[in-house]
Structure formats: C-alpha cells, structure tokens
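Please look over the model shown here with an eye to its charged side chains and to one threonine. My comments follow it as numbered points.

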Amino acid sequence: MNYDVIDKIKHTLQDRIPQPITNHSPSAVMLLLFSINNELHLLFTKRAEHLIHQPGDISFPGGRKENDETPLETALRETEEELGIPSDNITVLGSIDFMLTATGIVIMPFVGFVSNIHVEDIPFSKDEVAEIFTVPISFFKKTEPEIHYLYLSPFTKENFPYERIHGGKNYPFATPKIPELFYQYQQYTIWGITAQITHHAIQLLFQ
C-alpha cells in the first residue's frame, strides 16, 4: 500500500470547499429593504416585456457574474445597472442561503437596507425594468404562499443511446416533483425562484 498517495489525497481534500460537479453559472441578487412610514418594505422589479429571459416576471435586481467579481460585487453592480441605486446608498446586512436551480444556476442572495433615496425617486432602467413596487414585510409574515407542483419528465433526442441502458426506453427515469411557491400581492404574482428566496428570507429573518 502506497500511503504517500493517501496522504496526497488527504492534503488535496482538507482545505477544499465542495462545489457542484456539473457546470454551473454563478449569479447574485439583492433583497432591498426600505423604511416606508416606519414599516419595512421589500422591493421587487417587474422585468421588461421585451427581455428574452423571464419577460414580465417579478424578480429581485441581480444577474450573472462577470469576470472576477465576487457575488456581492455582482449584486451591487446589477442593482445599480437596473435601478440606478449606487452602492453608497445600500447598507449590506449580509447574505442568506444560496440556491442551485434545476438549470445549473447558483444564486447568492444578499440583503441590503437602502437609505437617502425614496422608492418613487428610483431612476430604474426601462430597458430592463417595466416597473418597481414594494411589499410590506408584514404581508409576508401573515401570508403563507400557495404551493403548486411542476412534474419534470425526461426529454431526449433520437440519438440518445437507450440501447446501452438496462430497460432501454422503459428505464424508470426520475420525474421530479418540484414545488413552486406563489404569493399574490395586489395585481402582482410573485412566484418561482423569487418567491422561494422571499419565503426563505422571511422565515430566517423575521419569524
């Protein structure tokens, strides 16, 4: 037995931070808190209708990492690009648990408190954002989200090598049952990843 190999393996693993094995795309979002009439509100954006990805959806400001950015730098840059809120107006309170989506996107959410700017004065980019609105934290504290389910089925092309799998086309592929959360606030439907991050943040920070 070559124990040098064992020592080398141990050395490789001892300080290593585990990462997803599959390819993933790092991104970050910012949960912005405002004090409105002495009550905390959470800001949401409605994505512009002409965008390719999630047009018209309710979301948080954020996006994918560029170059050597840290997740926080990504969240702050995207917030300024989408909303025109400079980082000097945001007191970053910390980060909450991240998400790994079914499509391989890692989303790191940060929480920030905005000062010295009123919501109605936010100069958001109409190229990316159709409108912005806030929801009082008290709404989420007293409102449980609806839960509905998506069932994912395997989809393959004709050249998929079924003949190399036991059972071939009759192989019992997994069909994941994915819970989707929905909040209805006035005319706005907050659902999907945004609703999941919101629900987690409320449970973690306010319950």
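The points below take up the basis of the model, then the salt bridges, and then Thr-79.

1. This is a predicted model, in which local features need pLDDT of at least 70 and side-chain atom pairs count only at pLDDT 80 or more, while totals for chains, interfaces and linings use all residues. Residues are numbered from 1 along each chain as its sequence is written, and side-chain values use heavy atoms, with hydrogens and water left out.

2. Side chains of opposite charge can pair when their charged atoms come close. Searching the whole structure gives four salt bridges (a salt bridge being a side-chain nitrogen of Lys or Arg within 4 Å of a carboxyl oxygen of Asp or Glu).

3. One of them joins Arg-77 to Glu-66, with an N to O distance of 3.5 Å. This pair links distant parts of the chain, 11 residues apart, since Arg-77 belongs to helix α2 (residues 71-83) and Glu-66 to the loop between β4 (62-64) and α2; helices (H or I, at least four residues) and strands (E, at least two) are DSSP runs, numbered from the N terminus.

4. How buried or exposed are the two partners, Arg-77 and Glu-66? Arg-77 counts as buried because its relative accessibility is 15%, whereas Glu-66, at 39% relative accessible area, is partly exposed; here buried means under 20% relative accessible area, exposed over 50%, and partly exposed in between, with a 1.4 Å probe and protein chains only.

5. Arg-77 also meets the side chain of Glu-69 in a salt bridge of 2.5 Å, N to O, and both of these residues are buried.

6. A further partner of Arg-77 is Glu-81, for which the closest N and O atoms are 3.2 Å apart. Both residues lie in helix α2, four residues apart, which is about one turn of the helix, and Glu-81 is partly exposed, with a relative accessible area of 40%. Through shared partners, salt bridges join Glu-66, Glu-69, Arg-77, Glu-78 and Glu-81 into one network.

7. Thr-79 is likewise found in helix α2, and it counts as buried because its relative accessibility is 0%. A polar atom of the Thr-79 side chain lies 2.7 Å from the backbone oxygen of Ala-75. Leaving aside residues up to four places away in sequence, Thr-79 touches Met-30, Leu-32, Pro-61, Gly-84, Ile-85 and Ile-90, where contact means heavy atoms within 4.5 Å.

Key
Polar contact = N/O pair within 3.5 Å; in protein donor to acceptor, adjacent residues only side chain to side chain.
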